[in-house]
Amino acid sequence: MTTDEKITPSQNGLSSIIKQTFDLVLIPFLAVVTALIIGGFIIVVTDAAVYTAFGEGGIGGGLAAIWTSVSVAYGSMFSGSLGSARDISESLVASTPYIFAGLAVAVGFRGGMFNIGVEGQLLLAVMASVYVGSNFSLPWIIHLPLTILAGMVAGAAWAALAGYLKAKTGAHEVINTIMMNYIVYLFSDWALNGFLCRTPCSSPVSPPVLESAFLPQFFYRLHFGFFLALIVAFAVWWLLFKTTIGFEIRTVGTNPNAARYGGIQTTKVMVLTMAISGALAGLAGASELLGVNRVLAAGFSSGYGFDAIALALLGRSHPLGVVLAALLFGTLRSGATRMQSLANIPTDIISIIQALVIVFIAAPAIIRWIYRIKAKGAEEGGGVMVQGWGS
Amino acid sequence: MPPVLELRGITKQFPGVLANDNVNLTLEKGEVHALLGENGAGKTTLMNILYGLYKPTKGEIYINGKRAEISGPTDAIRQGIGMVHQHFMLIPVLTVTENVMLGEESIHNGIFLDRKVAAKRIEEISKKYRLEVDPHAYVRDLPVGIQQRVEIIKVLYRQATILILDEPTAVLTPQEVDELFNIMKLLTSQGVSIIFITHKLKEILAVSDRISVIRRGQTVGTAKPTESTEQSLAELMVGRPVELVVQKKKAQPTQPVLLVKNLVIKNDRDRIAVEDVSFEISGGEVLGVAGVQGNGQTELVEAITGLRHAESGSIKIDGQESANKTPRQITEIGVSHVPEDRQRDGLVLSFPIKDNFILNTYYNTFANGIIIDEKKVNETAIKWVEKFDVRTPSIETPAGSLSGGNQQKVIVAREFSRPLKLLIASQPTRGVDVGSIEYIHARIIQKRDEGAAILVVSTELDEVRALSDRIAVMFDGKIVAIVPADQVTKEQLGLLMAGVPKEEVLGVFPQGKTKKGEKL
Amino acid sequence: METTVSVLQEKRNVKMGIFFLAVSLAIVIFFALNTPVGLTTTFGLNPGAATNAPPLPDLTLPTMGTLWVLAFLAAFTGGWQLARGFKNLNVVLLFVVLLFVFAFMTWAARGKSMNLLGVISASLLRATPIAFGALSGILCERAGVINIAIEGMMLSGAMVSVLVASLFRNYDALNPTTGQPLFPDWFANIGRTLDMYNLSSAVPWYLLLGLLSGLIVGGLLAAFHAWLSIEFKVNQIISGTVINIFSMGITAFLSQRFLQPIQPLNSGGVFTALPIPILSSIPIIGPLLFENRFIVYVLFILVIAIHVMLFYTRWGLRTIAVGEHPKAADTLGVNVYRMRYINVILGGMIAGVGGAYFTIGSVGRFDENMTAGKGFIGLAAMIFGKWTPLGAFGSSLIFGFADALQQKLQIFASQVPIPSEFLLMAPYIITMVVLAGVIGRANPPAADGVPYEKD
């Protein structure tokens, strides 16, 4: 029975919008801050120097060592990512695939699909792109778009298969996309030792992409893929919120019953959602290939697929949020490299921080409890409703 | 001797709803005490409180004269209370024995389940109470009637002396109902006391020793079956609240718009939910479907609107065969649908009102190609909010934060603002405040007078009577009668809804069949 | 309803018959017709390593003849299926698939010799971590909690178990730069004391401590998963993903900080083969089942124990009830949340032990991301095994076999033009096929992944 006679929020439009925005930003902000604090704690407790200092210098010396440990770590991280023009360029380079991959997961979330397969779609896309990019000699105006398109199509088709299986048989997309990731890994192992290998084939490395398919670099290593990412983010926003297709995706993702009632073909939309998501994953791979690596070797992707889940959640599945989250994580990632060389702290601290961020976003009750914030109604943004293996 | 069970002043407040209001009830040893009331009257809530599934806001429970604290099913079981829920609490993949012993398992050698001992006890209970069932059968393979026996065995296995049966006959065939009644008599003869929840009058008279009637969360009367008739009980059950009056002129029916013939529909569990239903509605008239929830109305509406597969039969809308067309095709013919469960089907709660306004027309009326015409959406939204009196701070407000009445007005605005030939309104005023009810009713009649054919489905008898020109009563998947609204009393309708044959109820009316020219 | 079921059944029966005939045809076309006349295939029936079992003579078969016989058997099965039909179709399907696999092996090793027992015993080893993962999944999902974090729990278990084992094994290690003892005296003393009471060289106590710590870490991560998904009703897939990412991060982080620079922290030793007296002397069965490492015996015991627990004890009945219909269990006084907590934590512990297999069960050393998706394959084995311990163990063996076979085939690479990667894909493809409902429907517990909310 639904007789919720809730009082509608305040009548004043502007102040309520400001309030809403604040609520929308507050939890993610606190989530990131808290994760960084815990990350700092992990850095400290795993730092042998801190223990030595406590042993030799007592409490005072120990506290000083803690401060040194954390400040050197985070100091080198931030100087390494934002300290010079070159560092800023590297941060933006690192953010580029994150934007695409985060958008891929976000679009899936919006359409009620949990795409854990970004990693595999991305790799397959890179293979398609490297094939087109290195085998055909064409003028750049054709070659570059064609190479990018090859990646998008490969990613889209691979993801759409999972969407199709879900729509037709109810097979859960989470398990299927995980399985499909491994199929792609193996396929790429084989391809890199076979038809995708450079001649003579001495190690599993593809031939380089021809210059006509390069995404040109212009600010140190920053390439046009970054702008492409921003344009695509805008396009995704436009598609999701300004078009009938986006309306259908969001409706199916939020309330499939109402979608059916409204005459939307839910199965078609599921496949389409996955296809778009896969195409974005493909773009992540293609831009990284054509803008940075320009060659495909084993270990091309360093876990973009999983990072992307964190990005989509942190960005609340909104393209603008995803872009901001990607910039943040790109900065952290690229700073972490410097942190590793200066403070000798493994870059994997970023994964830990990412995991913590997801925890706090997914269970905001923890953050609210820590900071004593009162709950304010429903605040899940672009929530996913995957439950069970379906059937 | 104190009664085996006494409920004193039970009150249960849900957010926004007073489900039970100071309810008192006593149960004597060995009696069948029937709890009668319409859907949503608060019967199930009361029993869930007794079984420890809900915590009462106020009130006390006494068992054998002693105050009992029941904070969970475990307490209830310990006090000898057993409940057969309306929706069976059985696990299909387990056997009868396993289902029965769950929570009170027989164990041998310390940790192992002793299925033999349990099965033997089940067989004993089967024999004693004539509840024949194979303890080794899997529940998923059993017909519903037998599943119910398993539920009763589950309760007896725990040596319950107080048995609650929540709408036990809803899913049974007439023969199974008779068997159940025999079992109930046997049980009471052996000292078990039974609370029997139902809204079917005939059954109550057949089996109960005492009757309490609940209406809107309150006990409104107690009666003895020997001193009651179906009429008197129906009166008690539906009560005589302020009659809803809808200002309307006499209908001017034109051409038939909806023609349903021999329609057969299955429900989600693959059982026949609508059996061989035929009727028609002309432009300019309202056909109301009255009936207790779960008698096939939902499936009927879903099939007409394209949301459910029709097994056989024909649905003609405006001359076009529409059975098993897609919802969109049917909408495009000129059909509007106010769905039964607005939050499940009718709205996307997290979307702003303006997006909910365009849920089924976003692709044509409100789009140029694939681009949604936001200017038009906004203008229309502002216009509709005004015109349909939707109380909202802005058109950007999520539908979920509106009150029930205003949510329904959003749907009404959307569905009534298209050129429409057929309007299907399912429970159009459920959970809606009085002001909105009047408003929505007036709109429906306005559409009728503009020439649309209208199908109103409601479990609220007053609503059906107030709106309809003709009333079809559904019972057990069939339309048992179609009668002119101004020639039938509420009590007669109540009897029809309860499954009393129409010859008995109506007497004076020759037939309820629809034939051309018979309409009034 | 019944009619539709039987029609579907009939369609499936015909399809299966045709499939069996196709298998027969494939054996003929791909293998028999591709075999030169006169070759023989030799199958070794003795394990590669030393064994208590008496040696058996090799099995030498004429390649071509064997292939034709196998093809005939498949064709006969197909014909019988079309004409009469089998009752237990899945068993027959397994039989035909085995025919095909055996035909493939006979053909692949044509003119050469293949150690059959070696392949099977390697399959068991490769199946072990998968089976641990699958058992872990069964415990969680039977109680209604999806656990895709098995991978992460395994990874963490792998690292912690080798770390703890190394600490207690290398208690007297010296700091290579200073030459001073690496660990304080009191710790080294504990190590020495325990050293004196060692049980067996195949099962040293420091490895048992390692195993125990893997178990604890898996349990802790699982407790976190349970807490997030039961207490906060966090989407269980997100919660699982969190634990996976966290585990990948923390293990790599700690590994780079400590395990790689300080070798005494990353050399825990391994369980060695522990032959069981008498039983290990039985030919074939002995070397396969009773000459294994301690951790493999743990798996055997777990498979049987969980099977018995799940289907024959109160705990199992309640677990199934909670995973199928929590409300029904609740109305009978079963504490749904408690059952879920217990099961998820137990599942995590099993995953932790499975993780220990990667380090102290096989190589004695931790490498970053060394589980390489075995946890996910474990989930696949669980689904393929229809959420039963025996089924999941069988599926793990099939997946392990695919893995062992591809390795073995590398010897015959010159005459088998099938890339090993494609054989390795088998588990994933099989899982997708099963999920899509092609080989019967895999029905998960009804309430799997659905948070239980009391009113």
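Trainee: How much area is buried between domain 1 of chain B and domain 2 of chain B?
Mentor: In this predicted model, the two domains of chain B bury about 1100 Å² between them, and carbon and sulfur atoms give 63% of that area.

Trainee: What makes that value a description of the interface's size?
Mentor: The size of an interface is often given as the accessible area lost when the parts come together. The value for chain B is summed over both sides.

Trainee: Which stretches of chain B are the two domains, and how many residues of each are in contact?
Mentor: The domain assignment gives 5-238 as domain 1 and 256-512 as domain 2. In the contact, 11 residues of domain 1 of chain B meet 12 residues of domain 2 of chain B. The domain centres, taken over C-alpha atoms, are separated by 35 Å.

Trainee: What are the corresponding values for chain C?
Mentor: Here the assignment gives domain 1 (2-111) and domain 2 (118-435), with 33 Å between their C-alpha centres. The contact takes 14 residues from domain 1 of chain C and 16 residues from domain 2 of chain C. About 1300 Å² is buried between them, 69% of it from carbon and sulfur atoms. On the domain 1 side, C:Asn52, C:Phe104 and C:Ala108 lose the most area to domain 2, together 33% of what that side buries.

Trainee: Why are helix α2 and helix α3 of chain C called roughly antiparallel?
Mentor: Their packing angle is about 160°, with the axes 10 Å apart. Angles over 145 degrees count as roughly antiparallel, so α2(C) and α3(C) receive that name. Their crossing is left-handed.

Trainee: Which residues of α2(C) and α3(C) meet?
Mentor: Among them are C:Leu67, C:Leu70 and C:Leu73 in α2(C), and C:Val92, C:Phe95 and C:Leu99 in α3(C). By class, this contact has 12 nonpolar, five polar and no charged residues.

Trainee: How do you know what to call the packing of α12(A) and α13(A)?
Mentor: Helix α12 (residues 319-343) and helix α13 (residues 349-362) of chain A pack at about 150°, with axes 9 Å apart. That angle is over 145 degrees, and therefore the two helices are roughly antiparallel. In their contact, A:Phe329, A:Leu332, A:Arg333, A:Ala336 and A:Met339 of α12(A) face A:Ile349, A:Ile350, A:Ser351, A:Gln354 and A:Val357 of α13(A). The residues divide into seven nonpolar, two polar and one charged.

Trainee: Why is α6(A) called oblique to α14(C)?
Mentor: The angle between α6(A) and α14(C) is about 125°, and their axes are 11 Å apart. Roughly perpendicular covers 65 to 115 degrees and roughly antiparallel needs over 145, so the pair is oblique. The crossing is left-handed. A:Ile175, A:Ile178, A:Met179 and A:Tyr182 of α6(A) meet C:Phe376, C:Leu379, C:Ala380 and C:Ile383 of α14(C). These residues divide into eight nonpolar, no polar and no charged.

Trainee: What makes the bond between A:Thr199 and A:Pro200 worth naming, and where is A:Pro200 found?
Mentor: Most peptide bonds are trans. The bond joining A:Thr199 and A:Pro200 is cis, with omega about -5°. A:Pro200 is found in the loop between α6 (173-192) and β1 (217-219) of chain A.

Trainee: What is phi of B:Asp318, and where is that residue?
Mentor: Most residues other than glycine have a negative phi. For B:Asp318, phi is near 55°, a positive value in a residue other than glycine. B:Asp318 is in the loop between β16 (310-317) and β17 (320-321) of chain B.

Key: Residues are numbered from 1 along each chain as its sequence is written. Chains are lettered from A and ligands numbered from 1 in the order in which they are written. This is a predicted model: local features need pLDDT of at least 70, side-chain atom pairs count only at pLDDT 80 or more; totals for chains, interfaces and linings use all residues. Side-chain values use heavy atoms; hydrogens and water are left out. Axes are lines fitted to C-alpha atoms, for helices over the stretch in contact, and angles run from 0 to 180 degrees between N-to-C directions. Helices (H or I, at least four residues) and strands (E, at least two) are DSSP runs, numbered from the N terminus. Angles under 35 degrees count as roughly parallel, over 145 as roughly antiparallel, 65 to 115 as roughly perpendicular and the rest as oblique. A crossing is left-handed if the near helix is turned anticlockwise from the far one by less than a right angle, and right-handed if clockwise. Contact means heavy atoms within 4.5 Å. Ala, Val, Leu, Ile, Met, Phe, Trp, Tyr, Cys and Pro count as nonpolar, Asp, Glu, Lys and Arg as charged, and the others, Gly among them, as polar. Domain bounds come from an automatic or database domain assignment. Buried area is the accessible area (1.4 Å probe) that two parts lose on being put together, summed over both.
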